[in-house]
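Dear colleague,

I am handing over the structure we talked about, and below it I have set out what was found in it. Please read the notes with the model open beside you.

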Amino acid sequence: PTKAEWGRKSETVPYYWRLMRRANEAKGESGDEWVWSEQIKFFELWSDVEGTRVLTRTENTDIQTDAFIFQNRAYLILNNLDTKERSVQLKMPQPENNPVKQVKTKMLYLDGDAPKLDIDKGLGVGKEIQLPPEATAIIEYTFRKPLKLKGRVSEKKVFADTYLQPIEANRPIIFNIPNVETAKSGKAALRLGIGRDHGYERFPAVQINGTEIDVPQNYRGDDTQTDRDRFFGLLEIPVPYELIQPANTVTVTFPDTNGHVSSAALRIIHPVEIKKTP
């Protein structure tokens, strides 16, 4: 909403999620003219990003990644889901005979009680970046020449045909995930939404098509959630691609009774053959 005067609870309690505010509503400011609220920083953070989405990878489930390429520019997006500062090692490919001319970084994070947007221009090609708690950084690489994409990949999420299954001690919960498109090679991950009271086991034993797989001991974001009455989080488990079939059976087993598995889905990424026009 732009001004959202309809959302005021009183003269001193406005509707917070609006694009503009009165100048005198902020501490230390005066005047009744309309000015940008802190929400504008979100638009300023993303204002330069455009282009074709390209594949990114991360080894840390608490760091979300994405990237886009437009002409001679590449935009790498990093989002820290953790409530602690994280150091991220960057491995941006360096095209042969096409060096990076400039690097610009935008970073949005909480500074005290207010969001702060930092913009650094003319930086070198760094191999490491420090992300404050729950911060988002967009790193813009400008190359000497336009970038060429080498191929195309397909990314799909396929959900199970059942959801919201109660957890009972040592009783296997079975999810069927049909209609999965497969290829000769690719990457796969199982995504489980799990809700349990505090104090219960959060990492189940998992099988894919009869084969037990390793379960990382980490949920996306805050995996303690001590500020909530109940834990609810997403467990993302890498799956060896050779185990994936067009129809898949997922078995999830916990050692104690409590809570639910809210959903199960497979995230599949594999190359796509591009047919050339004669």
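Is R53 buried, partly exposed or exposed? With a relative accessibility of 47%, R53 counts as partly exposed. Please keep in mind throughout that this is a predicted model, and that the values below were computed from it.

To begin with the whole chain, the protein has one helix and 19 strands, and its C-alpha trace spans about 65 × 60 × 35 Å along the principal axes. Of its 278 residues, 37% count as buried, while the surface that the protein exposes comes to about 17200 Å², with carbon and sulfur atoms supplying 50% of it. Among contacts between residues at least 6 apart in sequence, 66% join residues that are at least 24 apart.

As for charge, the protein carries 39 positive and 39 negative charges, whose mean positions are 8 Å apart, and a search of the whole structure finds 20 salt bridges. To return to R53, its side chain meets that of D66 in a salt bridge, at 2.8 Å from N to O. Because D66 lies in strand β4 (residues 63–70) and R53 in strand β3 (residues 52–53), this pair ties together parts that are 13 residues apart in sequence.

A second pair is D256 and R196, whose closest N and O atoms are 2.7 Å apart in a salt bridge. Here D256 is in the loop between β18 (248–253) and β19, whereas R196 is in strand β14 (residues 187–197), so the parts tied together are 60 residues apart in sequence. Both D256 and R196 are buried. Salt bridges with shared partners also join R53, D66, E155, K157 and R267 into one network.

A further salt bridge links E38 with K41, with 2.5 Å between the closest N and O atoms; E38 is partly exposed at a relative accessible area of 36%, but K41, at 19%, counts as buried because the cut-off for that class is under 20%.

On the surface, K101, R144, K145 and K148 form a positive patch. Of these, K148 is placed in the loop between β10 (136–143) and β11 (152–159), and with 80% relative accessibility K148 counts as exposed.

Finally, P271 lies in strand β19 (residues 260–272) and is partly exposed, its relative accessible area being 47%. Apart from neighbours within four places in sequence, P271 is in contact with R152, V153 and S185; the C-alpha atoms of P271 and S185 are separated by 7.4 Å, although the two are 86 residues apart along the chain.

With best wishes

Notes. Residues numbered from 1 in each chain as written. Predicted model: local features only at pLDDT ≥ 70, side-chain atom pairs only at ≥ 80, totals over all residues. Heavy atoms only, no water. Helix = DSSP H or I, 4+ residues; strand = E, 2+ residues; numbered from the N terminus. Buried < 20%, exposed > 50% of the residue type's maximum accessible area, 1.4 Å probe, protein only. Contact = heavy atoms within 4.5 Å. Patch = residues over 30% accessible without salt bridge, like charges linked within 9 Å, V, L, I, M, F, W, Y side chains within 5 Å. Areas by Shrake-Rupley, 256 points an atom, 1.4 Å probe, with all protein chains shown as cover. Salt bridge = Lys/Arg side-chain N within 4 Å of Asp/Glu carboxyl O. Lys, Arg positive; Asp, Glu negative; His and termini not counted. Charge placed at Lys NZ, Arg CZ, Asp CG, Glu CD.
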